[in-house]
Amino acid sequence: MTPVPEPALRPAASRGPGLERCHSARLYCEDGALVLRSRRRTARHRVGGDGIARAVFVDAPGEDRERVGPTLPGSWGELQLQDRDGALIGRFDLEDWLPESPVLPKRSVRGEQLLSRTGVSHLLKAARIPLHVVRDREDPMVASGGGGAVLGPGSVFPYWYWGVRAVAGGAWFAAFTAVLFSGTTAPWLILLLVAAAAVAPVARLLLRAWTRVRLRRYAPAVRERVGPAPAPGLGATVRFCRDTELRVQDRDLVLRDLGGQEYWFPLTGAHAVTSLVRVRDRAGSELGVELRGPAEQVRAVLPWDLWFGGETGADGWARLRRAAGLTVSERRLTGKAIWPKGPVLGLRMLPGSGTEARRRSHFPGTIAGVSSTAIMAIGSVFSVIQGLRITNEHPGTALTAVLLGAVGLALQGAPYAVHQLRSRLRLDRPVPERTTARKGAP
């Protein structure tokens with residue numbers, strides 16, 4: 001894939017099918033235009049003239065979004081790109097372009113710090129777009145209405161998956177309503193009902209296969225891979241040591257957690273990470289390493305005992321310093337200082353229990369969460385019931401309905417069962433503690 005000019009914004013961390021966004025989605029300026037590149041297309045928005053004339057950062061939280069299940073918190077703030085008359089050309093939520101936003105409390109980063117950390121302020125400066133900051137959504141500079149292009153990194157799930165689920169869901173609901181309220185046993189309607197119900201679990205399995213194939217095609221140039229070297233007694237598991245890593249690439253430093261979620265930080269450009277700071281406590285023992293960006297902002301921390309406290313930790317620390325090419329320094333805590341200060345990425349890389357590890361590492365679900373799985377299960381069970389209901393009148397249709405319903409339930413339960421068994425029998429078991437941890441890397 002052709003490199004893009006810096007500064008370029010990186011998407012919020014993702015995993016599963018959304019991981020492809022981290023690989024490909026970028027927002028940057030080139031030849032007098034703001035360019036949005038996603039996994040599907042590249043869109044250009046001209047700067048100047050009748051194009052983008054100003055940017056307005058609405059530094060105010062968005063409204064919460066309701067859904068079946070827990071409410072989704074609103075945005076951290078919105079950036080609007082307007083023409084010279086104030087009409088909306090494009091817009092995006094700031095957290096969509098902050099790599100660590102999924103693990104930070106909402107609005108824990110805001111204002112100028114948020115603009116700098118995402119790289120938005122540097123991007124606008126490079127594109128020569130004037131920036132205005134407002135604190136109220138009712139401010140006269142805020143463009144009203146929902147127009148303008150959405151300059152986000154794209155959907156986590158591919159559009160074909162949403163399309164298949166939407167069509168199948170609509171057909172199933174129509175057939176379900178007709179069967180339930182009319183009491184009909186027409187074979188064609190029963191077959192439509194059970195076929196639509198079977199589409200959802202099949203589509204989910206196809207999505208898993210599609211994701212695996214697509215991600216295997218991506219082969220970035222990697223300078224170094226550094227895995228955790230945990231000290232004995234921390235409860236590190238096979239999964240944690242196998243899947244967690246720091247990857248130093250040509251243009252990015254990538255932190256990957258045990259669930260496959262990746263956080264991409266630029267190594268070049270105005271908002272690139274700049275330094276590694278080894279932190280010691282008042283007694284001189286290592287606490288961890290801070291990954292810092294411009295203005296000394298801490299982007300992530302690497303607890304020393306987890307990453308460099310074991311027998312191979314000294315080698316890992318040396319390889320990280322050598323490959324990243326960042327400034328390396330040390331600092332010691334004084335007085336009543338605590339480390340780290342405030343919420344930050346990297347503190348909870350090792351789950352506290354096997355249950356949490358299995359939850360974080362399973363294949364990601366849609367915005368509907370467990371509601372989607374419950375509805376699929378209900379659809380399959382209803383297919384079996386309808387098949388048994390018409391056994392005497394239409395035995396062939398009844399057998400088909402029962403088999404499709406059973407297959408649907410099996411397709412939903414098999415991935416869950418495999419994940420649970422592999423996790424409990426192997427992946428979430430402690431790693432063997434062969435030797436005592438070696439402290440004091442050079």
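The following paragraphs describe the overall make-up, a mixed sheet, a helix pair and two linked hairpins in a predicted model.

The protein comprises 442 residues, of which 49% are buried. Its secondary structure amounts to eleven helices and 16 strands. The C-alpha trace extends over about 80 × 70 × 40 Å along its principal axes. Of the contacts between residues at least 6 apart in sequence, 66% link residues at least 24 apart.

An open sheet is built from five strands, arranged in the order E7-E4-E5-E6-E8, and its pairing is mixed. The edge positions are taken by strand E7 (131–134) and strand E8 (149–150); each has a single partner strand, so one side of each lacks a neighbour in the sheet. Strand E4, formed by residues 54–58, runs parallel to E7 and is connected to it by four bridges. Within this pair, Phe57 lies opposite Val133 of E7. Helix H3, spanning residues 120–127, lies across four strands of the sheet, namely E4, E5 (78–82), E6 (88–93) and E7. The angle between H3 and E5 is about 10°.

Strand E6 includes Gly90. The relative accessibility of Gly90 is 0%, and this residue is therefore classed as buried, the cut-off being under 20%. When residues up to four places away in sequence are disregarded, Gly90 contacts Leu79, Gln80, Leu81, Gly148, Ala149 and Leu151. Leu151 lies 61 residues from Gly90 along the chain, yet their C-alpha atoms are 6.3 Å apart.

A helix pair is considered next. Two packed helices are described by the angle between their axes and by the distance between those axes. For helix H5 (residues 187–216) and helix H11 (residues 395–427), the angle is about 20° and the axes are 9 Å apart. H5 and H11 are therefore roughly parallel to each other, since angles under 35 degrees fall in that class. Their crossing is left-handed. On the H5 side, the contact involves Pro187, Ile190, Leu191, Val194, Ala195, Ala198, Pro201, Val202, Leu205 and Arg208. The residues of H11 that they meet are Thr397, Thr400, Ala401, Leu404, Gly408, Leu411, Gln412 and Pro415. Sorted by class, the H5 and H11 contact contains 13 nonpolar residues, four polar residues and one charged residue.

Strands E10, E11 and E12 are linked by two hairpins. Strand E11 covers residues 252–256 and is mostly covered, with four of its five residues buried. E11 runs antiparallel to strand E10 (residues 245–249), to which it is joined by four bridges. In this pairing, Val248 faces Leu253 of E11. The hairpin between E10 and E11 has two connecting residues. E11 is also antiparallel to strand E12 (residues 262–266), and five bridges hold this pairing. Here Leu255 has Tyr263 of E12 as its bridge partner. Five residues lie between E11 and E12 in their hairpin. The turn of this hairpin includes Gly260, which has a positive phi of about 90°.

How values were computed. Residues numbered from 1 in each chain as written. Predicted model: local features only at pLDDT ≥ 70, side-chain atom pairs only at ≥ 80, totals over all residues. Heavy atoms only, no water. Pairing = 2+ DSSP bridges. Contact = heavy atoms within 4.5 Å. Axes fitted to C-alpha atoms, helices over the stretch in contact; angles between N-to-C directions. Parallel < 35°, antiparallel > 145°, perpendicular 65-115°, else oblique. Left-handed = near helix turned anticlockwise from the far one by under 90°. Nonpolar A, V, L, I, M, F, W, Y, C, P; charged D, E, K, R; others polar. Buried < 20%, exposed > 50% of the residue type's maximum accessible area, 1.4 Å probe, protein only.
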